[in-house]
Amino acid sequence: MDARRRRRDPILLSATTVALVAGGIAWLTGRGALADACWAGGTVIAVVPAVAWVVDALRRGRVGVDLIAVLALAGTLVVGEYLAGALIAVMLATGRTLEAAAGRRASRDLRALLERAPRSARCRRGGEIASVDLDEVGVGEVVVVGPGEVVPVDGTVTSGAAVLDESALTGESAQVERRAGEAVRSGVVNAGGVFEVTATATARESTYAQVVRLAREASAEKAPAVRLAERYAAWFLPLSLGLAGVAWGVSGEPVRAVAVLVVATPCPLLLAVPVAVVSGMSRAARRGVVVRDGRALESLGRARTMVIDKTGTLTAGRPRVLEVAAAPGGPSPTEVLRLAASVDQVSVHVLAEAITREARGRGLVLSLPGEVVEEPGRGAAGTVDGRRVAVGKTDLSSAELPRWARTVDNRALLDGAAVAWVTLDGALSGAVLLHDPLRRDAPHTVRRLRTAGLTRLLLLTGDRPEPARQVGTVLGLDDVRAGQLPADKVRAVQEECERAVTMMVGDGVNDAPALAAADIGVAMGARGATSASEAADIVLGTDRVGRLADAMDIAVRARRIAVQSAAGGMALSLMAMVAALFGLLPPAAGALLQEAVDVAAILNALRVVLPAPGTGGPPLAPAAERLVHRFAAEHEDLRGVLEAIREAASLLSAEPGPRALAAVRRVDRLLTERLLPHEHAEEHQLYPALNERLGGPDATETMSRAHAEIERLAQRIATHLALADAAGALLPEQLDDLRASLYGLHTVLRLHFSQEEESYFSLSS
């Protein structure tokens, strides 16, 4: 909406209103001729811009329903119904002003992105802090961010703990903390003290710049469901003109034709539809979903197929250690991990980073390696504590692997995991299994998307078939295709587009062609590639695909309300047209009636910007929100406990001696000191806090039963330890039950954690 229109619309409204009121005063004082002159003047004032609107539409090859408004205004002048003309003039001016106000109200979230975009940054240069233009900040420069300031460029925290408000990008109200070495996106607000970031991108290439570009395009676009209005206009325009002709022909009175045209003036059609669409785009922006234009919003509401990439969308997007295995008689799995991480801490390979991160997460002290050699595609090797350690691939074939290693290889195949073999002084001594885990909200997200209207979900990935099939099975996807190149993805998307309205969700450079080929391209803008965002119609400001389901609901509701407003307004207009046809509604009264219909239609369209009634439960209380974040973090910390339980069970099978007994003791200690207190706190703190959101304690009853089973198995393991202490060793008759208890506890915990993360932790915004 440009500045000229913002100035012009109030002037038009003021002029037509003054003409109407002045004519009314003149009529009341008995000066009828002056009253007619005032009303005719107001009509002429409105005719001029109305004709300009029609001419502009004709230049663009469209004959819209605004032609009826011009004919109605001209008709009142011809037949001398000046009061009706003045009322129509005020009606049109009011409608234009309401449209402008509604547009400003509906798009204020998009404009807020533009208004808060930083213009400068403070950089450390030559021992001083200098304020520089944002475009002058280069990659590698240190930027100082003060309290309340917007982070100007993407970067990593170098000093200070960053407490951030990311709501402008993600729509999530909860503050997040980023520590040294963690990535920070531009556009987020510093909600804590001063911290410094090292720029990893220029301002133009940073996250917020991409969102701002999309917001500009979204704000500049003509609300696209005007296409919807034009479809209605295709029959409403000839119908209105036809009824006006019939009225004139049957009665022989042109005033009846004018009366029909007056009540046919289609402001509900001209205004309600675009207002509803712009309101829907604004509502989606509040949920962290930036829609490029109204065409995308309208298509989103009709989407029935989703094609989705795996890595970074349904999965976490970075590898994580699944299990650490050790050769019988060799170092423990913990020592294997420490040695592997000591070598890999100087490697740049993505798997090496995951191994190092896992070791540091477990609190292991890494040694500085020497004589490090890294061979691309093979792995890294170095000297650690006097021993030669190699991490990566092995030269042994499957048949040459020892039994324990074949077990690891089989586990990797079943779990779709990658294996980093660890050799000590040339001997195969251990292995680290890594995988890209499912996002904790992925199952919930898939259910939400199906509820929102999707009937087919197709997974396309360049990854291996095993992990792809596993993801498809766990999530219940309709089709899975692995080993896909960018050209393969484009072909698959084009095939799906021929069957139904299809959207493609991706986050990488290789997804950009497929995003462009889809009916609706959706980019994971939170940490996706720039090319993906530029090729997309919709960008998710958060990395939660579930927000797309919210946007689909908003799109469906926006379209429904747009149709409701337009159809309802036109239905009332049609009834008034019939009344005017039979001479029951004179032009002046018809104009007043039409004004009321217009206002009602526009106000109804503005409902889109409000939350849908009856959707979701009450929001989480701040205290419950904090508890969810706390226990979600504890789940991450307790992953080591699950690994220790599985490790102890494996040792009972491989070497049921002192080493296995020590592993079981460690499990018992971890259960007593860490796991059981966590479960007890969930039962007595988290679950009661969630009862209001979930509708009562019955919703957590199944989880409470799992807590009881976990405690029973923990007590059973403790009893086995007491028996072993009394006998001085594990007895043969204990092994089967103890092993079953450990494996059972591991399985129950994995399922329990997954259910909590999916059902409860996903409630957090």
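These are my notebook entries on what I looked up in this structure, which is a predicted model.

**Entry 1: a small start with strands**

I began with an open sheet of three strands, and its order reads S6-S5-S8 with antiparallel pairing. Which strands stand at the edges? I found S6 (176-178) and S8 (189-190) there, each with a single partner strand, so one side of each has no neighbour in the sheet. Next I checked how S5 (residues 162-165) meets S6: they pair in the antiparallel sense over three bridges. For one bridge I noted the residues, and Val163 has Glu177 in S6 as its partner.

**Entry 2: S1, S3 and S9**

I moved on to strand S3 (residues 142-145). Strand S1 (residues 120-125) is joined to S3 by two bridges, and the two run antiparallel. Here I wrote down that Arg122 stands opposite Val144 in S3. S3 also pairs with strand S9 (residues 195-199), in the antiparallel sense and over four bridges. On that side, Val145 stands opposite Phe195 in S9.

**Entry 3: strand S17 and its partners**

How many residues of strand S17 are buried? I got seven of the nine in S17 (residues 427-435), so the strand is largely enclosed by the rest of the structure. Then I looked for strands bridged to S17. Strand S12 (residues 320-326) is joined to S17 by six bridges and runs antiparallel to it. Val321 is the residue that stands opposite Leu434 in S17. S16 is joined to S17 by seven bridges, again antiparallel. Val422 has Gly430 in S17 as its bridge partner.

S16 and S17 make a hairpin with two residues between the strands. I checked the backbone there and found that Asp425 takes a positive phi near 55°.

**Entry 4: aromatic rings**

I then searched for aromatic pairs, and the count comes to one. It is Trp404 with Trp421, 6.3 Å centre to centre, with 70° between the planes. Why is it called edge-to-face? Planes over 60 degrees apart count as edge-to-face, so the angle settles the label.

Where do the two rings sit in the chain? Trp404 is in helix H14 (residues 403-415) and Trp421 is in strand S16 (residues 418-424), 17 residues apart, so I filed this as a pair linking distant parts of the chain. Buried or exposed? I found Trp404 buried, with a relative accessible area of 14%. Trp421 counts as buried too, at 7% relative accessibility.

**Entry 5: nonpolar cores**

The largest nonpolar core has 49 residues. Met306, Leu449, Met503 and Leu548 are the ones with the most contacts inside it. Which helix gives the most to this core? It is H20 (residues 546-581), with ten residues. I picked Leu449 for a closer look and left aside its neighbours within four places in sequence. Its contacts are Met306, Leu454, Leu457, Val545, Leu548, Ala549 and Met552.

Apart from that core lies another, of 45 residues. Among its members I noted Ile68, Ile88, Val262 and Ala591.

**Entry 6: two helices side by side**

Helix H9 (residues 254-264) and helix H21 (residues 587-605) have axes that come within 8 Å and cross at roughly 5°. That makes H9 roughly parallel to H21. I also listed who meets whom: from H9 come Val255, Ala259, Val262 and Val263, and from H21 come Pro587, Gly590, Ala591 and Gln594.

**Entry 7: helix H11 and Arg302**

Helix H11 (residues 294-302) was my last stop. Seven of its nine residues are buried, so H11 is largely enclosed by the rest of the structure. The buried ones are Gly294, Ala296, Leu297, Glu298, Ser299, Leu300 and Gly301.

Arg302 also has its place in H11. I found Arg302 partly exposed, at 35% relative accessibility. Leaving aside its neighbours within four places in sequence, Arg302 is in contact with Val501 and Arg559. I looked up one C-alpha separation as well: Arg302 and Ala555 are 253 residues apart along the chain, and their C-alpha atoms are separated by 8.4 Å.

Terms used:
Residues numbered from 1 in each chain as written. Predicted model: local features only at pLDDT ≥ 70, side-chain atom pairs only at ≥ 80, totals over all residues. Heavy atoms only, no water. Pairing = 2+ DSSP bridges. Phe/Tyr/Trp six-rings, centres within 6.5 Å; stacked < 30°, edge-to-face > 60°. Buried < 20%, exposed > 50% of the residue type's maximum accessible area, 1.4 Å probe, protein only. Core = buried A, V, L, I, M, F, W, Y, C linked by side-chain atoms within 4.5 Å. Contact = heavy atoms within 4.5 Å. Axes fitted to C-alpha atoms, helices over the stretch in contact; angles between N-to-C directions. Parallel < 35°, antiparallel > 145°, perpendicular 65-115°, else oblique.
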